[in-house]
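Got your viewer open? Here's a little tour, one selection at a time.

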Amino acid sequence: MTERIRNKRKEEIKRQKAKGKNKEANSGLLILISRGLFSLFLPFAFCLLISSVVSAQSRASFTVGPVTVKAGEKASGMIEVPAAKDEATTIPISVIHGARPGPVFALIAGNHGYEYTSIIALQRLLPQLDPKQISGTVVMVHVANMPSFLKRTIYYSPVDGKNLNRVYPGKVDGTVSERIAYQITREVIDRSDYLIDLHCGDGNESLRPYSYWDVQNDGPGGPAVIEKSKQMALAFGLDHIVMDRERPTDPNKSVYCSTTATTRGKPAITTESGGLGMTDNESIARIERGVLSVMRHLKMIEGAPQMVEHPIFIDRNAVLRSDVTGIFYPLLERGQTVAKGTLMGYVTDFFGKRIFELRAPFGGTVLYILGTPPVSQGEPLAMIGHIVETER
Ligand SMILES: [Zn+2]
């Protein structure tokens, strides 16, 4: 019995050893196959690695003001605006210089210093953008109008009383707003291929989101600039698009930041999301999504853009101004639709007597209306847009 058992055990051990050998043989085969594949793949992977390193290295660095950035890196700094007839200021910028070649895309926030949503949106976008994943270069102007931002003024600079977004392309020896515009034109706009000037309603404006599409300017780029600007507006994702027919066409008197780009043949739009000095998440997130979608549209990052499917084009618009100085009482909300002649609000004197009535000059959508009481003669009370019936 014991002999039989012993023999059985011996046979069992033999069988297991053979199994083990087979296992080893199998795994050895696997190792051989994977080694073979790896050695086949290795030169290919190595070539890929080398070529990406070489292309990043051979791609020149990019300089804006005092900031020079190597391909695949990002950096920030201050453009100095030296003192002249009035005080000096600074313009904080960031440059995200992609590892791969592509367009230079400028994002300008804070031309109006009380418009916070776009300023905060760039603060959120900067850490999200990985230069190793980007084709091209993003240049961010975080706060274009530093004097207005720090002193919390709407429309006008506290230093020279000028509206920065009405003095482009600026002057090297002008007042501080003109010198800021000059630096942004020379350092940022002249170096860019595409531009978005990011706004929202000012500190006193209750605004529904929309974009301005400059349909006047094709600049040296030809009619394609107008079409490319339209595609940028559609990619940004705001469904109300103002067809702006009143932009100047002289690059030396471009007046507006985005018109400084279009008159120089660079597709550009102005966007509006948020207002009333707020930093609400919805308005900020809308800007973030818009910028990333335009970057996808320009093939600067992976993925498909989210184009507006059913754009609402506004072919005619009017900024409605006050004839008098006093206290404003709005009677409706942003985004409401009004018929011609609708009473939109009124202005009283400082003793409560109604001295001015704001009526809709044509039927349309209220793009913005003042949400705070003070108003000076000649200042805007509201903007109304007439909607095109058919899609273009
Ligand atoms: Zn603005």
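Start by selecting residues 205–207, which make up strand β8, together with β17: three bridges join the two, and they run antiparallel. Keep in mind as you click around that this is a predicted model. For a particular pair to look at, pick Leu-207 and then find its bridge partner in β17, Tyr-368.

Now colour the whole of β17, residues 364–370. Are the residues of β17 buried or exposed? The strand is mostly covered, with seven of its seven residues buried.

Stay on β17 and look for its other partners. Add residues 337–338, and you have strand β14, joined to β17 by two bridges in an antiparallel arrangement. Click on Thr-337 here and you'll find Thr-365 of β17 standing opposite. Next, add residues 380–387 for strand β19, which is linked to β17 by four bridges and also runs antiparallel to it. What is the bridge partner of Ile-369 in β19? Select Ala-382 and you've got it.

**On to an open sheet**

Clear your selection and bring up β16, β15, β13 and β18, in that order: they form an open sheet of four strands with antiparallel pairing. Which strands stand at the edges? Those are β16 (354–359) and β18 (374–375); each has a single partner strand, so one side of each is left without a neighbour in the sheet.

Let's walk through part of this sheet. Select residues 326–330 for β13 and residues 343–348 for β15, and you'll see an antiparallel pair joined by four bridges. A good spot to zoom in is Phe-328, whose bridge partner in β15 is Val-347.

Then move over from β15 to β16, where five bridges join the two antiparallel strands. Pick Tyr-346 and look across to β16: Glu-357 stands opposite. Between these two strands of the hairpin sit five residues, and Gly-352 is worth a click, as it takes a positive phi near 90 degrees.

**Now for some helices**

Switch to a cartoon view and select α2 (residues 116–128) along with α7 (residues 281–297). They pack at an angle of about 55 degrees, and their axes are 9 Å apart. Roughly parallel means under 35 degrees and roughly perpendicular means 65 to 115, so α2 and α7 count as oblique to each other. Their crossing is right-handed.

Show side chains where these two helices touch. On the α2 side, select Thr-117, Ser-118, Ile-120, Ala-121, Arg-124 and Leu-125; on the α7 side, select Ser-283, Ile-284, Ile-287, Glu-288 and Val-291. What kinds of residues are in the contact of α2 with α7? Sorted by class, there are six nonpolar, three polar and two charged ones.

Keep α7 on screen, hide α2 and bring in α5, residues 224–236. The axes of α5 and α7 come within 8 Å and cross at roughly 130 degrees, which makes this pair oblique as well. Here, too, the crossing is right-handed.

For your last selection, take Gln-231, Met-232, Ala-235 and Phe-236 from α5, plus Gly-290, Ser-293, Val-294 and His-297 from α7; these make the contact. Try colouring them by class: the contact of α5 with α7 has four nonpolar, four polar and no charged residues.

Conventions
Residues numbered from 1 in each chain as written. Predicted model: local features only at pLDDT ≥ 70, side-chain atom pairs only at ≥ 80, totals over all residues. Axes fitted to C-alpha atoms, helices over the stretch in contact; angles between N-to-C directions. Parallel < 35°, antiparallel > 145°, perpendicular 65-115°, else oblique. Left-handed = near helix turned anticlockwise from the far one by under 90°. Contact = placed C-beta atoms within 7 Å. Nonpolar A, V, L, I, M, F, W, Y, C, P; charged D, E, K, R; others polar. Buried ≥ 20, exposed ≤ 12 C-beta atoms within 10 Å, placed from the backbone. Pairing = 2+ DSSP bridges.
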